[in-house]
Amino acid sequence: MNTTFAPRAIALAVLSSFLFAASVAVEAQESLPKAFIDGSAPDWRSLGEADFINVNCNPDTWSFKDGMIQCTGSPTGVMRMKEPVTNFELVVQWKHLKPGGNSGVFVWASDESIKALHTGNHTKRLPDGIEVQILDHAFRENYLAKSKGKAADWFTTNGDVFNTGTAKLTPFEPKSPNGSRSFPRKELSKGAGEWNHYYVRGINGEVRLWVNGEEVSGGKDAKPASGYLCLESEGSPIEFKNLRIRQLP
């Protein structure tokens, strides 16, 4: 009888189990929904200066040049598309110009909050809607330096999706500790000075976000499920390019 067979067999079985688990994990990671949409297909159109209205920023906060949209970051506020949208697909590329930058794309911002921002009667500087956040990675370090020990666990810098103001949303998993934000399932955002690609799809009250080609976060049961798309100015310079939209039935 070979007395070394049993330990060797057990070791091989353990190794096989480990390799199988690792392959399953890799397969699961690779199976994340991918969609690098560039908006070049039929029914898509470019968005430029003629499509937007400044809501509550300074006249020089937003500028358009050579196919780029440039934002100074001051003051906090938004510019909106002229017409509201319901079901849509949106492509936007963005780049923070300084570490720690903060911005976002608002989906389905309510008409009431936009009117209040236009007239200066809103209690805040940003609309009520669904925010697809655009944060630079250094924002976390800056927050920790200023928070006096408060945990930086309520946000990420890789594409959070959440409701603002009176708007409602049921976030997809994984969620922030308080359940208000959909956290990304994978960290794909690039840092300041590098271009990032967002593909946002909003259909029947459901919002999904792809970051640099992979779906990471979103939510459902949005209220309102129709409204304005807005670009956000919030304290730091940022550039946008290649904004394209396809409106759906």
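**Entry 1: the largest pocket**

I began with the lining of the largest pocket, which by class has eight nonpolar, seven polar and seven charged residues. The model I am reading is a predicted one. The space in this pocket comes to about 350 Å³, and I noted that 22 residues line it, with Leu-126, Glu-131, Phe-162, Thr-164 and Glu-234 lying nearest its centre. I then asked which element gives the most to this lining. I found that S8 does, with three residues, while S8 and helix H3 (138-146) each supply at least two.

**Entry 2: the cavity**

Next I looked up enclosed space, and the count came to one cavity of 30 Å³ or more. About 40 Å³ of space lies in the largest cavity. I listed its lining as Leu-47, Phe-52, Met-81, Leu-90, Val-105, Leu-229, Cys-230, Leu-231 and Leu-243; sorted by class, these are nine nonpolar residues, with no polar and no charged ones. Strand S15 (residues 228-233) gives the most to this lining, namely three residues.

**Entry 3: the chain and its sheet**

For the chain as a whole I wrote down three helices and 16 strands. Of its 249 residues, 47% count as buried. I also looked at contacts between residues at least 6 apart in sequence, and 73% of them join residues at least 24 apart.

I followed one open sheet of seven strands, in the order S2-S5-S15-S7-S8-S9-S11, and its pairing is antiparallel. At its edges I found strand S2 (52-54) and strand S11 (181-182), each of which pairs on one side only. Inside this order I checked strand S8 (residues 130-135) against strand S9 (residues 161-163), and three bridges join the two, which run antiparallel. Which residue of S9 is the bridge partner of Val-132? I traced the partner to Val-161.

**Entry 4: the two sides of helix H2**

In helix H2 (residues 111-119) I marked Ser-113, Ile-114, Ala-116 and Leu-117 as buried. These residues lie on the same side of H2, because they cover an arc of only 160° around the axis. On the face turned away from this buried side I found the exposed residues Glu-112, Lys-115 and Thr-119. I then looked for what covers the buried residues of H2, and the cover includes strand S5 (77-81), strand S7 (102-109) and S15. Just after H2, I noted that Gly-120 takes a positive phi of about 80°.

**Entry 5: strand S10 and the loop that follows**

Along strand S10 (residues 168-171) I saw the side chains alternate, with Leu-169 and Pro-171 pointing to one face and buried, and with Lys-168 and Thr-170 pointing to the other and not buried. S10 pairs with strand S14 (residues 214-223) over three bridges in the antiparallel sense, and Pro-171 stands opposite Gly-219 in S14.

In the loop between S10 and S11 I stopped at Ser-180, which has a relative accessible area of 29% and is partly exposed. Leaving aside residues up to four places away in sequence, I found that Ser-180 touches Phe-162, Asn-163 and Pro-171. I also compared Ser-180 with Phe-155: they are 25 residues apart in sequence, and C-alpha to C-alpha they are 10.0 Å apart in space. Pro-174 also lies in the loop between S10 and S11, and the peptide bond from Glu-173 to Pro-174 is cis, with omega near -5°.

**Entry 6: further backbone details**

I recorded another cis peptide bond, joining Lys-223 and Pro-224, where omega is about 0°; Pro-224 lies in the loop between S14 and S15.

I then turned to positive phi values in residues other than glycine. Asn-204 has a phi near 50°, and I placed Asn-204 in the loop between strand S12 (196-203) and strand S13 (206-211). Is Asn-204 buried or exposed? The cut-off for exposed is over 50% relative accessible area, so Asn-204, at 67% relative accessibility, counts as exposed. Asn-212 has a positive phi of about 50°, although it is not a glycine, and I found Asn-212 in the loop between S13 and S14. At 21% relative accessibility, Asn-212 counts as partly exposed.

Terms used. Residues are numbered from 1 along each chain as its sequence is written. This is a predicted model: local features need pLDDT of at least 70, side-chain atom pairs count only at pLDDT 80 or more; totals for chains, interfaces and linings use all residues. Side-chain values use heavy atoms; hydrogens and water are left out. Two strands pair if DSSP finds at least two bridges between them. Helices (H or I, at least four residues) and strands (E, at least two) are DSSP runs, numbered from the N terminus. On a 1 Å grid over the protein atoms alone, a cavity is a set of points where a 1.4 Å probe fits but cannot get out, and a pocket is an open set with protein on both sides within 12 Å along at least five of seven lines; lining residues have an atom within 4 Å of a point. Grid points are joined across faces, edges and corners, and a volume is the space filled by probe spheres set on the points. Ala, Val, Leu, Ile, Met, Phe, Trp, Tyr, Cys and Pro count as nonpolar, Asp, Glu, Lys and Arg as charged, and the others, Gly among them, as polar. Buried means under 20% relative accessible area, exposed over 50%, partly exposed in between (1.4 Å probe, protein chains only). The arc is that of the directions from the helix axis to the C-beta atoms. Contact means heavy atoms within 4.5 Å.
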